[in-house]
Amino acid sequence: MCKLGKFLLKLLGVVALLNVALFCVFFFDLDGKFLFHVFEPFMKNHYDNMARKDTLKAPYDMDKFPKYDYNS
Amino acid sequence: MANIKKALRDFWYGKPHSAEEGGRRIADLYIQPTGLYKHREWRGVKDTLYYFYMIWLYNYIFMVKDVMVMGGLVNFVKGVWRYRWVGQTYLPVLHWFDRGLEGMRGEALRGSAWHYRAMVSSTIRQFQRMFASDTRLHGGKQNELYKRNIAHNETVWGGVFYPWDGEITNVPLEMIPYFVTCHVNSHTVLNYIDAVQSIGLPGDPCPMCQAESGIFVLDDVPDFAPAVVTCNEACDASVSTSTLQDWFFDKPLFSLPMPMIFDDPLVKKYVMREIEELWKFIEDQYGIPFSWDKLVRKLELQNELQRFEWEKWEVDSKSSYYPINGVAQALYRIYQSQYGDWEIWHATDKKVRKIMEKCVSRKINTFPQTRHRVIAWSCAPLYYSNWCTWAYNCWGLNVVINMDSLMFDMTIRTDSYENTLEDMAQYHMWAPMRRMAVGGMKHMFELWEYMERFNCDMVAMYDQLQCKGVQGLHGLFEDEFRNRNVNAFWIPHALPDSRTVSRAEIRRLINDYMTTVMHEEPLDPSLLDFDDGMTW
């Protein structure tokens, strides 16, 4: 068999394997399980512990900008 | 032998829907209470492969592509790390597809999934635009994109910005950080509701307004635009949200009012003037002149979308060949009609037209287990917008149309400046939750006309427990249902807050109605009672 044929066969095999692997992830909801049990708790922990600005300390400058009343 | 035949038939076509036919028992697939699946549903060879390749894999691939093209991977990663509403919410988006498309087969699966795809693409476009322009993610620098963005309340129709198409990008403040999150992952929004209550604001106003304010309280809003447009939609609680936004955003702000009573020509004149004022505000802030040609071009494109929507309604109302399920119809339509014209809607409509024409020409009954044609009225529970998928699978209740789809039932004239402005004012006043939720009895009671037009025999009546406007009409509806002998059940909820009325409680109320009033048996008994308390 020529080199090209072997290469194509290998490529076909890799594509087929990839398809089977992805189908397993899809069918057994492995993406959902990973996101639910690993990713989301990790991210929640990160967001819960983030340093945040205390927005209530910002002054409310009500007259800082004009009224933008063009018809009066 | 019979067993082997049945197993082969189930493998090839998927298990049949109803218990009488040896049904599929969808809830047996759940890992309760997480909402995860032991395995995803086997829908037969053709539909399972379609779901795998054309929905699951296709959407994962195109989400990555959208992220790369619209703002890049670096901005995306920075945004995910910085903002809870994107990191916690949008990565499990394929489960949102699963919940909405559960049990669907054939053309109904295909048509509905394309609607979901469009919403995902539009969502990525918006948050990527925010992240690419966000001063917080770029060392405090106001880049060129920042200078060409305008922020606005999600209830301000995107169409008022059409005259600056291609020059200024309008990005709603809350559509992605709040509204869409509730549908995809209902847990995220609870942080924002709690945040606003933690600073002493009462817990009884509309939780939508609470959540929209809470995002600011938690300092979780990107700084992506030099100016902002707010509006009083849908109620006085929204006005308070705007006040808090004005405080925390601290930017030039234009308030575009929406009148409470709007069936009045004098009020319309007032709104027309307000829209013109907004246009002057944008010219002032950005130094870019109003373009009539751009406005007309975009409105014509939007009218195209509306005309196709009317074609869809025609098929939906007069036949059983409509390939869109209740949740896809509602969410796609409200998203598209509120956000305004965008390429993805046209591309999606083209695909859906093909599917719909196939259904009509081949007379494909897309929801063959329909027992009742249902119209859903008032505003829906955001954390359980897919209740109608459950209702069809469990009881054969086919939600053929809903209030959110019907609000903007109009095209906009482009023959003269005056006519265009008048129609734009009308469109602005027919905003979500305004026309048919708090827009007066006349519009609330348009239900009866639409019920007839869509050939419905049952009403699913939403009852937003924290909406003071709609609560006043509860008794009137009860009376009308009795007088007109209409089959109707109520769905109480607190819009985004899944803690007030749980999904299980909503299902219990519908189950009770179907057994005690309608005396019917479920199609899929496994769906009667299950625990999905922790579901996204």
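Modeller: Let's start with a term: two residues are in contact if their C-beta atoms, placed from the backbone, lie within 7 Å. Keep in mind that this is a predicted model.

Colleague: Okay, so how many residues does each chain bring to the contact?

Modeller: Chain B puts in 30 residues, and chain A puts in 27.

Colleague: Which element of chain B gives the most to the side that touches chain A?

Modeller: That's H12(B), with 4 residues. Other elements give two or more residues too, including strand S2 (36-37), helix H2 (45-69) and helix H11 (236-249) of chain B. Sorted by type, this side of chain B has 18 nonpolar, 5 polar and 7 charged residues.

Colleague: And what does chain A look like?

Modeller: Chain A has 2 helices and 0 strands. Its radius of gyration is 28 Å, while a compact globule of 72 residues would come out near 11 Å. Its C-alpha atoms fill a box of roughly 85 × 40 × 20 Å along the principal axes, and 8% of its 72 residues count as buried.

Colleague: How do I read a pair of packed helices?

Modeller: Two packed helices are described by the angle between their axes and the distance between the axes. Here, take H9 (residues 188-198) and H10 (residues 207-217) of chain B: their axes come within 7 Å and cross at roughly 85°. Angles of 65 to 115 degrees count as roughly perpendicular, so H9(B) is roughly perpendicular to H10(B).

Colleague: Which residues make that contact?

Modeller: Among them are B:Val189, B:Tyr192 and B:Ile193 of H9(B), and B:Pro207, B:Gln210 and B:Ala211 of H10(B). The residues of this contact divide into 9 nonpolar, 4 polar and no charged.

Notes. Residues are numbered from 1 along each chain as its sequence is written. Chains are lettered from A and ligands numbered from 1 in the order in which they are written. This is a predicted model: local features need pLDDT of at least 70, side-chain atom pairs count only at pLDDT 80 or more; totals for chains, interfaces and linings use all residues. Axes are lines fitted to C-alpha atoms, for helices over the stretch in contact, and angles run from 0 to 180 degrees between N-to-C directions. Angles under 35 degrees count as roughly parallel, over 145 as roughly antiparallel, 65 to 115 as roughly perpendicular and the rest as oblique. Ala, Val, Leu, Ile, Met, Phe, Trp, Tyr, Cys and Pro count as nonpolar, Asp, Glu, Lys and Arg as charged, and the others, Gly among them, as polar. The radius of gyration is taken over C-alpha atoms; the globule rule is 2.2 Å times the number of residues to the power 0.38. A residue is buried if 20 or more other C-beta atoms lie within 10 Å of its own, exposed if 12 or fewer, and partly exposed in between; C-beta atoms are placed from the backbone.
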